[in-house]
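Good morning, colleagues. Please have the sequence and the model open while I speak.

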Amino acid sequence: MLMVAAMVRTHCPYCSLQCGITLSANGSGVTLAPRSDFPTNRGGLCAKGWTAAELLNHPERLTEPLVRDARNRPLRTATWDEALDRIAREFESARRAYGNDSVGCFGGGGLTNEKAYQLGKFVRVALRSSAIDYNGRFCMSAAATAAQRAFGVDRGLPFPLADLAEADVVLLVGANPADTMPPAVRFLDECRSRGGRLIVVDPRRTATAALADLHLQPVPGTDLAIANGMLHLAVREGLIDDAYIAARTTGFAAVRRGVRLYWPDRVERITGVAEADLVAAARMLGTAKRAIVLTARGAEQHSTGTDTVSAFINLALALGLPGREYSGFASITGQGNGQGGREHGQKADQLPGYRRLDDPAAREHIARVWGVPAASLPGPGRSAYEMLDALGTSGGVRALWVLASNIAVSAPNAGHIRKRLRDLDFLVVSDIFRSETAELANVVLPTTQWAEESGTLTNLEGRVILRDRAIPPPPGVRTDLEVLRALAERLGHNDFQDDPEQVFAELRRASAGGKADYTGITYERITAERGVFWPCPSPRHPGTPRLFTVDFPTPDRRARFHAVEHRGSAETPDDDYPYYLTTGRLAGHYQSGTQTRRVRGLREAEPVATAQLHGSLALRLGVRDGDLVRLRTPRGAAVLTARTTPDVRADTVFVPFHWGGAASANLLTNPALDPHSRMPEFKVCAVAVDKYVPAHDCDDEGEQHDE
């Protein structure tokens, strides 16, 4: 029986809301309840949060290291010493044979700040490798890049989530919080109860779009044209804030010239959005005293994602929103520590405190904290997909450690990435279950779950919160910090801590003076204040709930417009692949489904992977609700269960990405990369659909067309 130390106030393990919860012991195990005092959920919780404790004592839980004696041999149990010695030996062997960059790590947006920080340090100090990136590259990189170049800093929400309730108009682009983070919808409901209005841009009539006063339903991949079209109208109708533009921004003249070409009927031809709806949206947003523009993955996971976000930032800046009361631009972070995970060195080009790895001053500062010469720090490495695409090849990573990520399911062009994983000389996976990626590994390490360890995370608002340990881990299970320390020692580095509070103290020193400055944040303050907003540069600093109220952290203290043009998707329908494919999340599942597919109630609610088709498309294909359909793209094929719905465009198929095997959405997705952020184009590609015929059966991993 799991034993909880009295009642522990902590946080949900899933999305970036980091809802406040309590854990307490009773006669049958652990009871989980929402906290009414935490600002982002105020007593609310989604189905995933309510059932999170069911995984703590799951029968499939990994509790011992597993090793594979040879490529064709099964995984077997091993001692920790055997597993760690094997890893250290294989890492050293690869470094001797191929150089330091032949050993790499792939992290995750669910790692605590302490783990993300220590992982970056481990790779650059203990391995002296540039090969590190994480699955957050697949989530927030486009929005982060656009925010950095416009505002000089990336914090998903530069204001508290509760500000949504006070806005007069909210424009929500490519987000479905009613399904993906239901407790946040209370703020949209409060906004509308005050007379506020909601505009949603989404190719599907989602649960969130159903709440909207105006729903724009564009062709996938055309959001940028909508933003430019709305700005065209704002300029034409005198809705822009000339005084704000003159006093607080630079670069508007080029943007103003560029959007002249986006007159409403041209935008309708590009996007499929009716001219009258575009005009209504522009007027609704442009005449609001308090307005907020929000983007999320639907607008960002494109080969043009950075420019699309920039287009909506341009719209917000032209209307004078950033820094204005209950107004602004923001991007909704998805993963539990998607914000903190991209601040402290887990990215290929980054050092702690949101510093650039190619900045000499940043390198000197971090080197002093780490006690190493600045010249010993490697330079920037490859981005996530580029690193995975080169696994096992000449010049690529030959030995890889994957933490808190299931890349065999979650990477784009997943069939190709699975082959690359098999091409590795050595693969280590740290996880709580035998995920699809773990099944390919040479060594699998069991790791603690969220309730079995302490550590900080940074939620979608930039609020640093603390998850307190509530229960002990199962015997034989170690924290990632303990494993990092043990491996560092085997590699000759004895200065790695495994106590999370000590690691956080070092992180604070490393972040000092950076954009994401945590210097004044302590575990005690977080507990006393229900979280602390960064930047917080000293113990007496109150934290910064709202950014940009005075100026922007750019060299001239002004925000920057960037002229951007609609280019369309990297792949569009043709005779062979005549429809659009888009992907996303369901209410009851999370990420690759490694956790949620093991929760009985969630699995029963959504037991199989489905392809959502409009009824008219299903009729044309001779497909009925519940039939199996085969989806094909130039990269591979997947077999799913058809679900007919009027809520998706007639030219578009929607597939959730929570399943592996032959039903994996990412067997189909396009790895075309955004040139600025290196974000893959998860959200749109061309697809063919036909009724499933047994003779066309896929193998257990789907058909692959990439080799």
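I shall go through the open and enclosed spaces, the nonpolar cores, and then a few individual residues.

Please keep in mind throughout that this is a predicted model.

Let me begin with empty space. Rolling a probe the size of a water molecule over the atoms shows where such space is left. The largest pocket has a volume of about 530 Å³. Its lining consists of 24 residues, and those closest to the centre are Gln148, Asp349, Tyr354, Arg355 and Arg356. Two elements each give two or more residues to this lining, namely helix H4, residues 141-151, and strand S15, residues 355-356. Helix H4 gives the most, with four residues. What is the chemical character of the residues that line the largest pocket, in terms of nonpolar, polar and charged? The lining of the largest pocket has 11 polar residues, nine charged residues and four nonpolar ones.

I turn now to enclosed space. The structure holds five cavities of 30 Å³ or more. The second largest cavity contains about 100 Å³ of space. It is lined by 14 residues, and nearest its centre lie Ala147, Phe151, Arg155, Gly156 and Phe329. Here the elements that give two or more residues are H4 and strand S13, residues 328-331. H4 gives the most to the lining of this second largest cavity, with four residues. As for character, the lining of the second largest cavity divides into 10 nonpolar, two polar and two charged residues. Helix H4 thus appears in both linings, that of the largest pocket and that of the second largest cavity.

Next, the nonpolar cores. The largest nonpolar core has 121 residues, and the members that touch the most others are Phe122, Phe151, Leu171 and Trp401. Helix H7, residues 223-236, supplies the largest share of this core, nine residues. A second, separate core has 48 residues, among them Leu32, Ile332, Ile432 and Ala451. Returning to the largest core, which residues is Phe122 in contact with, leaving aside its neighbours within four places in sequence? They are Cys105, Leu127, Trp401, Leu484, Leu487, Ala488, Leu491 and Phe496. Phe151, for its part, is also one of the residues nearest the centre of the second largest cavity.

I come now to individual residues in loops. Thr437 lies in the loop between strand S17, residues 426-431, and strand S18, residues 443-446. Is Thr437 buried or exposed? Thr437 counts as buried, because its relative accessibility is 0%, and the cut-off for buried is under 20%. The side chain of Thr437 reaches the backbone nitrogen of Ala408 at 2.9 Å. Beyond its neighbours within four places in sequence, Thr437 is in contact with Ser405, Asn406, Ile407, Ala408, Leu421, Leu427 and Val429.

Two residues other than glycine have a positive phi that I would point out. Gln18 has phi near 50° and sits in the loop between strand S1, residues 8-11, and strand S2, residues 20-26. Gln18 is buried, with a relative accessible area of 1%. Ala404 has phi of about 55°, and its place is in the loop between strand S16, residues 399-403, and helix H16, residues 407-410. Ala404 is partly exposed, with a relative accessible area of 35%.

Finally, the backbone at a proline. The peptide bond from Trp534 to Pro535 is cis, with omega near -5°. Pro535 is found in the loop between strand S21, residues 532-533, and strand S22, residues 559-560.

Thank you for your attention.

How values were computed:
Residues numbered from 1 in each chain as written. Predicted model: local features only at pLDDT ≥ 70, side-chain atom pairs only at ≥ 80, totals over all residues. Heavy atoms only, no water. 1 Å grid on protein atoms, 1.4 Å probe; cavity = no way out; pocket = protein on both sides within 12 Å on 5 of 7 lines; lining within 4 Å. Points joined across faces, edges and corners; volume = space filled by probe spheres on them. Nonpolar A, V, L, I, M, F, W, Y, C, P; charged D, E, K, R; others polar. Core = buried A, V, L, I, M, F, W, Y, C linked by side-chain atoms within 4.5 Å. Buried < 20%, exposed > 50% of the residue type's maximum accessible area, 1.4 Å probe, protein only. Contact = heavy atoms within 4.5 Å. Polar contact = N/O pair within 3.5 Å; in protein donor to acceptor, adjacent residues only side chain to side chain.
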